[in-house]
Amino acid sequence: MPTWNSRGLRGSALEELINRTNETYSGNKLALIQKIPTPITPINIDKASRHITLAYFDQKSTVDYIGAVQGIPVCFDAKECHTDTFPLQNIHEHQVDFMARFEQQQGVAFFLIYYTKRDRFYYLSLRELLIFWERMHSGGRKSFRIEELTPDFFFDMGKGGVLVPYLEKIQLDLDSRI
């Protein structure tokens, strides 16, 4: 089983930016999005500080965030990418399956990818991911390049006073489904 024994978890800065964004959206009554904690079973607990020092993950997590935006169910996962090529191994089959079932229930599922080298975000809809996913499963590339992505779905941090302003990309995604 995978274990966790570090306070410096990968992606924690990104999660904090998204959490603060979600608080802003909630405060403005635009969305109600919650972080879904990954279930863990503690192995070692420091009795003095009451901190978990070693644990294992109980089960595979599905997505990082779930909630509603103006009455529309949404779920998404946040990923960081340090190069211009995103390895599909960073996305798991059970996540894709959950997101596909979520969209079958009229929800919107997507990934927020933070390209750290470029300091830019990308809204990757499930539909767009499935193009790369199916290519991989057909023996093609096991990654996608930044040049393959739709330019309209890139965005910068801090636009409109929101740290990770993803709501307008949800609207763009919805508009593209019509």
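User: What makes Leu 14, which lies in helix α1, count as buried?
Analyst: In this predicted model, Leu 14 belongs to helix α1, which covers residues 12–27. Its relative accessibility is 4%, and since the limit for a buried residue is under 20%, Leu 14 counts as buried.

User: Which residues does Leu 14 touch, not counting residues up to four places away in sequence?
Analyst: Leu 14 touches Ala 78, Lys 79, Glu 80, Tyr 114 and Phe 121. For one of these, Tyr 114, the separation along the chain is 100 residues, while the C-alpha atoms of Leu 14 and Tyr 114 are separated by 7.9 Å.

User: Why is Asp 84 called buried, and where is its place in the chain?
Analyst: The relative accessible area of Asp 84 is 18%, and because buried means under 20%, Asp 84 is classed as buried. The residue is found in the loop between β6 (72–81) and β7 (85–87).

User: What makes the pairing of the side chains of Asp 84 and Arg 118 a polar contact?
Analyst: The side chains of Asp 84 and Arg 118 are joined at 2.7 Å, and the criterion asks for a pair of N or O atoms within 3.5 Å, one able to donate a hydrogen and the other to accept it; the pair is therefore listed as a polar contact. Arg 118 is also among the residues in contact with Asp 84 once neighbours within four places in sequence are left aside, a list that further holds Tyr 115, Lys 117, Phe 144, Arg 145 and Ile 146.

User: How do you know that β2 and β5 count as paired strands, and in which sense do β5 and β6 pair?
Analyst: Five bridges join β2 to β5, and because two strands pair if there are at least two bridges between them, β2 and β5 qualify; they run antiparallel, with Gln 34 having Ile 66 of β5 as its bridge partner. β5 and β6 pair in the antiparallel sense, also over five bridges, and Val 69 stands opposite Ile 72 in β6. The hairpin of β5 and β6 has two residues between the strands, and Gln 70 there takes a positive phi near 50°.

User: Why are β2 and β11 said to stand at the edges?
Analyst: The open sheet has six strands in the order β2-β5-β6-β8-β9-β11, with mixed pairing. β2 (31–35) and β11 (154–155) each have a single partner strand, so one side of each is left without a neighbour in the sheet. Strand β9 (residues 120–125) is joined to β11 by two bridges, the two strands running antiparallel, and because the requirement is at least two bridges, this number suffices for pairing; Tyr 122 has Phe 154 in β11 as its bridge partner.

User: Which strands does helix α4 lie across, and why are its buried residues said to line one face of the helix?
Analyst: Helix α4 (residues 167–176) lies across β5 (65–69), β6, β8 (108–115), β9 and β11, and runs at about 35° to β9. The buried residues of α4 are Leu 167, Lys 169, Ile 170 and Asp 173. Seen down the axis of α4, these buried residues fall within an arc of 160°, so they line one face of the helix.

User: What percentage of the residues of the protein count as buried?
Analyst: Of the 178 residues, 38% count as buried, in a protein whose secondary structure comes to four helices and eleven strands.

Notes. Residues numbered from 1 in each chain as written. Predicted model: local features only at pLDDT ≥ 70, side-chain atom pairs only at ≥ 80, totals over all residues. Heavy atoms only, no water. Buried < 20%, exposed > 50% of the residue type's maximum accessible area, 1.4 Å probe, protein only. Contact = heavy atoms within 4.5 Å. Axes fitted to C-alpha atoms, helices over the stretch in contact; angles between N-to-C directions. Arc of directions from axis to C-beta.
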